[in-house]
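Grab your viewer and work through a few exercises with me. Each one sets a task, then walks through a solution.

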Amino acid sequence: MKRSFDILIIGGGVAGMSAAIYAKRRGKNVAIIEKFALGGQVNTIPKIENFPSTISIDGVSLVQNFSKQIEGLGVEVIYDDIKKVDYEGEVKRVFGRKDEYCAKSVIIATGLTYVELGKNENEFLGRGVSYCAVCDAHFFRGKDVCVASKKGSGLKEALVLAEVCNHVSVLDSEDMSAYANVNKNKKIEVLSNVKIEKVVGKDVVEGVEVSILNADKSESDKSKIERERKVIQTDALFVALGKKPDKTVFGGVKVDSKGFVITNEKMQTSVSGVFAVGDVRSKELKQIVTACSDGAIAGQFA
Ligand SMILES: Cc1cc2nc3c(=O)[nH]c(=O)nc-3n(C[C@H](O)[C@H](O)[C@H](O)COP(=O)(O)OP(=O)(O)OC[C@H]3O[C@@H](n4cnc5c(N)ncnc54)[C@H](O)[C@@H]3O)c2cc1C
């Protein structure tokens, strides 16, 4: 079934929800399409102290406030994962896993997405593989866990995990010996030159198969580098390789050298009728307050 709206907002983070508030108050028929949960990244923040008017608030409570506000306004929230778009005609078409949607305007509010390992990790998502230590560390209280890291990207996650887990192995793909030598947290072990080959386990994560570069040979002859293969037993793998914009719903809009969508001051992209807001947009300061501001502007002009 194809569903029609005046404005479709792809992504229900704070940018998308702010856009919905402004668009709905203009009397537009507006829907947010969200693939996971309203609030996006904000759900993972334990304490927010720089959102004006709230001295200190946890992310989940802030999201609840937003949700109540859009619900009160009657904004429709559709849970679907948008996989394809067609922005060529006057009417924009958006294709989800469940349905097809169309609208005169589309607001891209898809934020940032986690960089994947590109192995079999997603088969174990929710069964020992996680992309968010703040969200899921408590499931592994007293357990041994691993963090997939690149150039130290997993060190912050490791500190969060060490608060509740028994042992945290940071598996970094680069040489992290300088950090390993100064690491004072006894629960955290930093391993260098580790390539994760696959996640192993029957129903849940039981280990990760890795290949580790032989450090002695790496300096001398790159063509003769030896990798030792082994399985590290673990109860969980936290993938902490950073975040990037996901191009799936960009449909040909112009992006900057890092892949973020370029807009003008009205949040219009290079494609007429298509707007972009929040972290997905090319800008200097990616914060809640700037995401809300982008959303308000797009909601007003879309
Ligand atoms: C750990 C952490 C701490 C932070 N601390 C602060 C802080 O203290 N103060 C502050 O101001 N900012 C903070 N930030 C930054 C802030 O969270 C972000 O700038 C802001 O949340 C961006 O909002 P957004 O709506 O643009 O994107 P997101 O929050 O990323 O939301 C995008 C939404 O789009 C959905 N989506 C993506 N693709 C699709 C698709 N194809 N179909 C349907 N839905 C889709 C996603 O599921 C997600 O819900 C923090 C961020 C993190 C990660």
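**Exercise 1. Work out the exposure class of S53, then look at its backbone.**

Step 1: count neighbours. S53 has 5 other C-beta atoms within 10 Å, so it goes down as exposed. The cut-off for that class is 12 or fewer.

Step 2: place it. S53 sits in the loop that runs between β2 and α2 (59-73).

Step 3: check phi. For S53 the angle is near 85°, a positive value in a residue other than glycine. As background, most residues other than glycine have a negative phi.

Keep in mind for this and every later exercise that you're working with a predicted model.

**Exercise 2. Do the same for M267: is it buried or exposed?**

Step 1: M267 has 28 C-beta neighbours inside 10 Å, so it counts as buried. Here the cut-off is 20 or more.

Step 2: M267 belongs to the loop between β16 (243-244) and β17.

Step 3: its phi is near 70°, again a positive value in a residue other than glycine. Put the two cases together: S53 is exposed, whereas M267 is buried.

**Exercise 3. Find which residues of α4 are buried, and say why they can be described as lining one face.**

Step 1: α4 covers residues 155-162, and its buried residues are E157, A158, V160 and L161.

Step 2: look down the axis of α4. The buried residues fall within an arc of 160°, so they line one face of the helix. The general rule helps here: an α-helix has 3.6 residues a turn, so residues three or four places apart point the same way.

Step 3: ask what that face packs against. The partners of the buried residues are α3 (133-136) along with the strands β9 (144-149), β10 (167-172), β11 (188-191) and β15 (236-240).

**Exercise 4. Take L171 and describe its surroundings.**

Step 1: L171 is part of strand β10, one of the elements that the buried residues of α4 pack against.

Step 2: with 25 C-beta neighbours inside 10 Å, L171 counts as buried.

Step 3: list contacts, leaving aside neighbours within four places in sequence. L171 meets C146, V147, A148, S149, L191, V194, I196 and V210.

Step 4: pick one for a distance check. V210 is 39 residues away from L171 along the chain, yet their C-alpha atoms are separated by 8.9 Å.

**Exercise 5. Compare sequence separation with spatial separation for F95 and G201.**

Step 1: F95 lies in strand β5 (residues 92-96), and with 17 other C-beta atoms within 10 Å it is partly exposed.

Step 2: its contacts, not counting residues up to four places away in sequence, are I82, K83, K84, V85 and E100. N166 is another story: 71 residues from F95 in sequence and 44 Å away in space, C-alpha to C-alpha.

Step 3: now G201, in the loop between β12 (194-200) and β13 (207-213). G201 is 74 residues from R127 along the chain, but the C-alpha atoms of the two are separated by 9.8 Å.

Step 4: G201 also touches F124, G128, E206 and G207, once residues up to four places away in sequence are left out.

**Exercise 6. Describe how α1 and α7 meet, and link them to the ligand.**

Step 1: geometry. The axes of α1 (14-25) and α7 (288-301) come within 7 Å and cross at roughly 35°. The crossing is right-handed.

Step 2: chemistry. By class, the contact of α1 with α7 has 13 nonpolar, five polar and one charged residues.

Step 3: ligand. α1, β2 (30-34) and α7 each supply at least two residues of the shell around the ligand.

Step 4: which residues are closest to the ligand? They are G11, G13, G40, G111 and G278, out of 35 that surround it. The shell divides into 16 nonpolar, 13 polar and six charged residues.

**Exercise 7. Zoom out and characterise the whole protein.**

Step 1: count elements. You should find seven helices and 17 strands.

Step 2: burial. Of the 302 residues, 38% are buried.

Step 3: contact range. Among contacts between residues at least 6 apart in sequence, 56% join residues at least 24 apart.

Step 4: dimensions. Along the principal axes, the C-alpha atoms fill a box of roughly 65 × 45 × 40 Å.

Definitions and conventions: Residues are numbered from 1 along each chain as its sequence is written. This is a predicted model: local features need pLDDT of at least 70, side-chain atom pairs count only at pLDDT 80 or more; totals for chains, interfaces and linings use all residues. Helices (H or I, at least four residues) and strands (E, at least two) are DSSP runs, numbered from the N terminus. The arc is that of the directions from the helix axis to the C-beta atoms. Two residues are in contact if their C-beta atoms, placed from the backbone, lie within 7 Å. A residue is near a molecule or strand if its C-beta atom, placed from the backbone, lies within 6 Å of it. Ala, Val, Leu, Ile, Met, Phe, Trp, Tyr, Cys and Pro count as nonpolar, Asp, Glu, Lys and Arg as charged, and the others, Gly among them, as polar. Axes are lines fitted to C-alpha atoms, for helices over the stretch in contact, and angles run from 0 to 180 degrees between N-to-C directions. A crossing is left-handed if the near helix is turned anticlockwise from the far one by less than a right angle, and right-handed if clockwise.
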